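Me: Hi! I have a chain open on my screen and would like to talk it through. Could you start with the words you'll be using?

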Amino acid sequence: MTDLTPTSDLPAFRRRRGLRGRSLIPVGGERDVALNRTPREILPLPPEETSKPRVWRNGVFGALDIGTTKMTCLIGKGEPDGSIQVLGYGWRRSHGIRSGSIVDIREAEAAIRATVGQAEEAAERRMDSLVVNLSCGHPRSRLIDAHLPIGGREVTDGDVQRLIADGQARAWSEGRDVIHTLPIGYVVDSMPGIADPRGHQCEQLATKLHVVDMNSSALRTLDTVLQHSELKLDGLVSSPFASGVSVLADEERDLGVTVVEMGGGTTSLAVFCEGKLIHTAQIPVGGLHVTRDIAGVLSTSLETAERLKTMYGAAQLGSDDQREILSVPLIGEGRDRLARIPRSKVISVIQPRVEETLELVRHALDNAGLGRLANGRVVLTGGASLMEGIVPVATRILARPVRMGKPLNVHGLPETAAASAGFSTAAGLLAWAAGADRDFGDISAPEPRSGGLLKRFVGFIRDRG
């Protein structure tokens with residue numbers, strides 16, 4: 001009896017399908033006795049074409065990361081090998097900023113002037129416009145569905161513009177401005193996964209848009225501060241989005257990944273899948289809260305607490321932390337009065353706040369409504385992510401694989417590679433300005449004050465509704 005001889009009442013095509021299915025089991029995956037079997041010949045996939053280096057826009061670009069604890073300005077350009085070269089940078093402590101928002105216009109203006117001026121002096125050129133990060137104005141992330149009847153003809157550029165305009169009109173709400181309009185994909189007559197619908201013939205065209213907006217008043221305040229600093233807002237990019245641009249590989253964004261940008265005043269996250277940004281969120285807790293916790297418990301200054309966190313801090317206790325003794329100056333006790341405490345005391349203050357922050361991140365991911373799309377690898381970046389031992393703690397709390405992220409293919413950053421995670425947002429902003437925005441198809445005008453045709457069309461549809 002051969003393998004092809006019927007042995008049951010099942011139809012022949014059922015048996016043939018079973019045989020084919022068994023043949024797909026990897027070599028060595030059936031039983032141990034198969035180890036002595038001659039390996040099967042396997043037809044591999046054709047090799048991928050060698051990827052060409054990214055083609056950047058011509059010219060020199062500027063980026064400004066306005067953070068709660070520090071401001072960073074980078075001036076640079078794209079290189080023929082696909083990398084970014086920083087020509088000059090400014091790096092100053094922030095003033096007038098709280099939880100990512102501008103709370104003192106004069107102090108913020110002075111800090112921006114000093115930061116940008118330092119970068120301009122190093123790069124030996126003056127910048128009139130900059131791409132800036134969005135962390136203020138309570139940014140909000142939403143998915144919007146839009147539909148357009150086509151009537152059996154070919155989809156044109158105008159149809160795509162009308163579809164996007166309809167989605168933006170649906171996304172509009174009083175007192176908020178749209179910053180990003182990102183098509184996640186198009187559907188042509190119930191056939192999903194269409195990257196570019198132009199040229200398709202269909203009855204119905206649909207899309208899902210990822211829209212990120214912010215409070216209009218916060219945007220006007222930011223614009224005013226930049227104008228007072230003699231700068232123009234050349235573009236606004238969500239902070240975790242910018243970090244994802246700089247620290248993620250293309251294949252990583254395609255498979256599905258979440259970037260968690262741990263800043264001084266806020267912790268923000270961005271979820272990517274199939275190369276698209278599909279969700280962002282912001283949590284009002286960051287590294288500055290850890291510093292304040294240390295200062296409060298140890299009765300020391302914020303400056304001393306920051307030094308203790310940076311030099312001796314960790315996300316979890318180690319075996320030798322109890323034996324290592326630190327000298328800490330106390331507030332109001334004079335410079336000569338020092339308290340001697342074990343390092344474990346500092347870590348015992350840090351650990352609960354770090355765990356709380358990561359639990360808030362997990363809660364945000366679990367409640368984002370993304371299902372398995374939010375279950376991929378997590379990449380930690382930002383200055384507060386440099387805490388010793390944070391990766392195993394994050395892996396345990398988030399219940400997801402975790403790695404550290406730092407800017408890729410960016411040369412000339414202010415810090416060494418080990419500490420460059422603190423400049424991920426600024427590096428992503430610079431890459432965005434140089435041309436990385438093309439990868440995401442952001443429909444929103446780069447200048448928020450622009451009165452372009454599409455924006456006027458959105459207003460027309462909205463007013464009619």
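Reply: Happy to. Helices (H or I, at least four residues) and strands (E, at least two) are DSSP runs, numbered from the N terminus. This is a predicted model, where local features need pLDDT of at least 70, side-chain atom pairs count only at pLDDT 80 or more, and totals for chains, interfaces and linings use all residues. Residues are numbered from 1 along each chain as its sequence is written, and side-chain values use heavy atoms, with hydrogens and water left out.

Me: Great. Where does Met 262 sit?

Reply: Met 262 is in strand 12.

Me: Is Met 262 buried or exposed?

Reply: Met 262 is buried because its relative accessible area is 5%. Buried means under 20% relative accessible area, exposed over 50%, and partly exposed in between (1.4 Å probe, protein chains only).

Me: And what is Met 262 in contact with?

Reply: Leaving aside neighbours within four places in sequence, the contacts of Met 262 include Thr 267, Thr 357, Leu 380 and Ile 390. Contact here means heavy atoms within 4.5 Å.

Me: Leu 380, okay. Which residues touch the most other members of the largest nonpolar core?

Reply: Ile 294 and Leu 380 do, in a core of 37 residues. Helix 9 (residues 343-366) gives the most to this core, with eight residues. A nonpolar core is a set of buried Ala, Val, Leu, Ile, Met, Phe, Trp, Tyr and Cys residues joined through side-chain atoms within 4.5 Å. There is also a second, separate core of 33 residues, which includes Val 259, Trp 432, Ala 434 and Ala 436.

Me: Switching to pockets. How much space lies in the largest pocket?

Reply: About 1400 Å³. Of the 46 residues lining the largest pocket, Thr 69, Lys 70, Gly 264, Glu 306 and Lys 309 are the closest to its centre. On a 1 Å grid over the protein atoms alone, a pocket is an open set of points where a 1.4 Å probe fits, with protein on both sides within 12 Å along at least five of seven lines, and lining residues have an atom within 4 Å of a point. Grid points are joined across faces, edges and corners, and the volume is the space filled by probe spheres set on the points.

Me: Which element gives the largest share of that lining?

Reply: Helix 7, with six residues. By class, the lining has 13 nonpolar, 22 polar and 11 charged residues. Ala, Val, Leu, Ile, Met, Phe, Trp, Tyr, Cys and Pro count as nonpolar, Asp, Glu, Lys and Arg as charged, and the others, Gly among them, as polar.

Me: Now Asp 65. Why does it count as buried?

Reply: Asp 65 counts as buried because its relative accessibility is 8%. Asp 65 lies in strand 1, and a polar contact of 3.1 Å joins its side chain to that of Asn 133. A polar contact is a pair of N or O atoms within 3.5 Å; within protein, one must be able to donate a hydrogen and the other to accept it, and residues adjacent in sequence count only if both atoms are side-chain atoms.

Me: What about His 210 in strand 10?

Reply: His 210 counts as buried because its relative accessibility is 0%. A polar atom of the His 210 side chain lies 2.9 Å from the backbone oxygen of Leu 277.

Me: Last one: how many helices and strands does the chain have?

Reply: 12 helices and 19 strands. Of its 465 residues, 46% count as buried.
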